[in-house]
Amino acid sequence: MGTILFFARDPAGANVILPVYKRLKKKYKTLVFAKDFAWKRLSQEIGDEAGSILIECKNVTYEEILLFLKDKNIDIVITATSLDDYTERYMWKAAEKLHIKSFAILDQWVNLGIRFSQYNYKQMEEYVRKRSHPFLPYRILAMDEMAKKRLIEDGIPEEKIIITGQPHFDTVLERYESALGVYDKEYYNIVFASEPILNDYDSNDMQHMYWGYNEITIFEALYKQIAEILPEMTKKVRLIIRPHPREGNEKWNAYKTKYSNDKIVVECDRDTDSFSILKAADLVCGMSSMFLLEAMICGKHIMSIEIGLRRENPFILDKLEICKSILDEDALCRELRDIMISTTECDKYETGFVFIRNAADCAAAVMEEAMLYG
């Protein structure tokens, strides 16, 4: 029986490989390795079954990965994708060298082609000028036709792409249904889903922001408009900051101290299960993160706030015209007032987002076919 290797580096990547791993481990010998943020996420979920690639490959070079795949006698490689780390790319290249089939599972719709290039996200402009994809897996598993179209537009060969759906989305619904809310309803609970934009792209210099905004500018705009509406509220507001897994707590703890008062409580919560937080949320705000999409799948009111946006909008639901991003403070105030004042608790948010169900089963079937027919 062959051995299937699973690997992820980012937390979102860990989420997409997990459901596929759980299905295939029942029938095949499987190994799971991870790095950085994904290793923490996978360790929480499957414990010691998640190995650290840094123990096997100290410097994580292409040559080390090549020897690693040989030593483990791997038959199929299944990975997520990353923007600023090359481990998955080295795995695809090493697998090709060893005549092993490799599969990359996408988790989102933006910055797709660059994941298979020699560039990282800080070199996006160079990638756009010189699109090339020297790191291509045997097949790329995409969420839907839109993701496939974007890959092709970036120059990825169509025959490399298989549409299976996004394996994590079914898990989202399952975990939300079983979650217990952790915040009481004495307050109106607003969740702010942060993103590590300052870490990844730029300084806090307004003139040189990559997106035209960052997590701090958006949080401050949100807080300002909530404060404007507070006199009209019958409840106090609890504003729950949900840091991204790649963010530290320091800056948000400072905002917690700075902005909390007798009408609005600001909290920073990175430890509570995200679905328990979603269960208690009355409104979920952010920029373009997957957390917003997960919240919509769970039937929550959401807001994508991108005041200052100076590039193509990265938020997939804006592109689908299901949830348009808010681009100025007046619109933010209107939307907040409409949801916080006019909406009753019994109102259900009707999402127009349709996704492929049973995606993990579809992905697992692709892998099984590869195992059977080589």
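This is a short tour of one protein chain, going from its overall build to a few residues worth finding in the viewer. Keep in mind that the model is predicted.

**The whole chain**

Let's start with the big picture. The protein chain folds into 16 helices and 12 strands. How does its radius of gyration sit with that of a compact globule? A compact globule of 374 residues would come out near 21 Å, and the protein chain has 21 Å, so the two agree. Along the principal axes, the C-alpha atoms take up a box of roughly 65 × 45 × 35 Å.

Inside and outside come next. Of the 374 residues, 57% are buried. The protein chain exposes about 16,500 Å², and 48% of that comes from carbon and sulfur atoms. If you take contacts between residues at least 6 apart in sequence, 68% of them link residues at least 24 apart. As for charge, there are 50 positive and 60 negative side chains, and the centres of these two sets are 3 Å apart.

**A helix on the inside**

Now pick out helix α13, residues 290-297. Is it enclosed or open? Here 8 of the 8 residues are buried, so the helix is largely enclosed by the rest of the structure. The buried residues include Met-290, Phe-291, Leu-292 and Leu-293, and Glu-294 is also among them. After α13 comes Gly-299, which has a positive phi near 85°.

**A strand residue and its company**

Leu-239 sits in strand β9, which covers residues 236-242. With a relative accessibility of 0%, Leu-239 counts as buried. Which residues does Leu-239 touch, once neighbours within four places in sequence are set aside? Its contacts include Ile-190, Phe-192, Phe-219, Leu-222 and Tyr-223, as well as Ile-264, Val-265, Val-266 and Glu-267. Leu-239 and Ala-281 lie 42 residues apart in sequence, with 9.8 Å between their C-alpha atoms.

**Three asparagines in loops**

Three asparagines are handy to look up together, and here is where each one sits.

| Residue | Loop between | Relative accessibility |
|---|---|---|
| Asn-73 | α4 (62-71) and β4 (76-79) | 57%, exposed |
| Asn-214 | α9 (197-200) and α10 (215-229) | 0%, buried |
| Asn-358 | α15 (329-342) and α16 | 46%, partly exposed |

What does the side chain of Asn-214 reach? One partner is the backbone nitrogen of Ile-216, at 2.9 Å. The backbone nitrogen of Thr-217 is another, 3.0 Å from a polar side-chain atom of Asn-214.

The other two asparagines are worth a look for their backbone. Most residues other than glycine have a negative phi. Asn-73, though not a glycine, has a positive phi of about 55°. Asn-358 is not a glycine either, and its phi is positive at about 55°.

**Where the ends come together**

Finish at helix α16, residues 359-373, where you'll find Leu-372. Leu-372 is exposed, with a relative accessible area of 61%. How far is Leu-372 from Gly-2, C-alpha to C-alpha? The two are 370 residues apart along the chain, yet their C-alpha atoms are separated by 9.7 Å.

Technical notes
Residues are numbered from 1 along each chain as its sequence is written. This is a predicted model: local features need pLDDT of at least 70, side-chain atom pairs count only at pLDDT 80 or more; totals for chains, interfaces and linings use all residues. Side-chain values use heavy atoms; hydrogens and water are left out. Helices (H or I, at least four residues) and strands (E, at least two) are DSSP runs, numbered from the N terminus. The radius of gyration is taken over C-alpha atoms; the globule rule is 2.2 Å times the number of residues to the power 0.38. Buried means under 20% relative accessible area, exposed over 50%, partly exposed in between (1.4 Å probe, protein chains only). Contact means heavy atoms within 4.5 Å. Accessible areas come from the Shrake-Rupley method with a 1.4 Å probe; for residues, only the protein chains shown count as cover. Lys and Arg count as positive and Asp and Glu as negative; His and the chain ends are not counted. The place of a charge is taken as NZ of Lys, CZ of Arg, CG of Asp or CD of Glu. A polar contact is a pair of N or O atoms within 3.5 Å; within protein, one must be able to donate a hydrogen and the other to accept it, and residues adjacent in sequence count only if both atoms are side-chain atoms.
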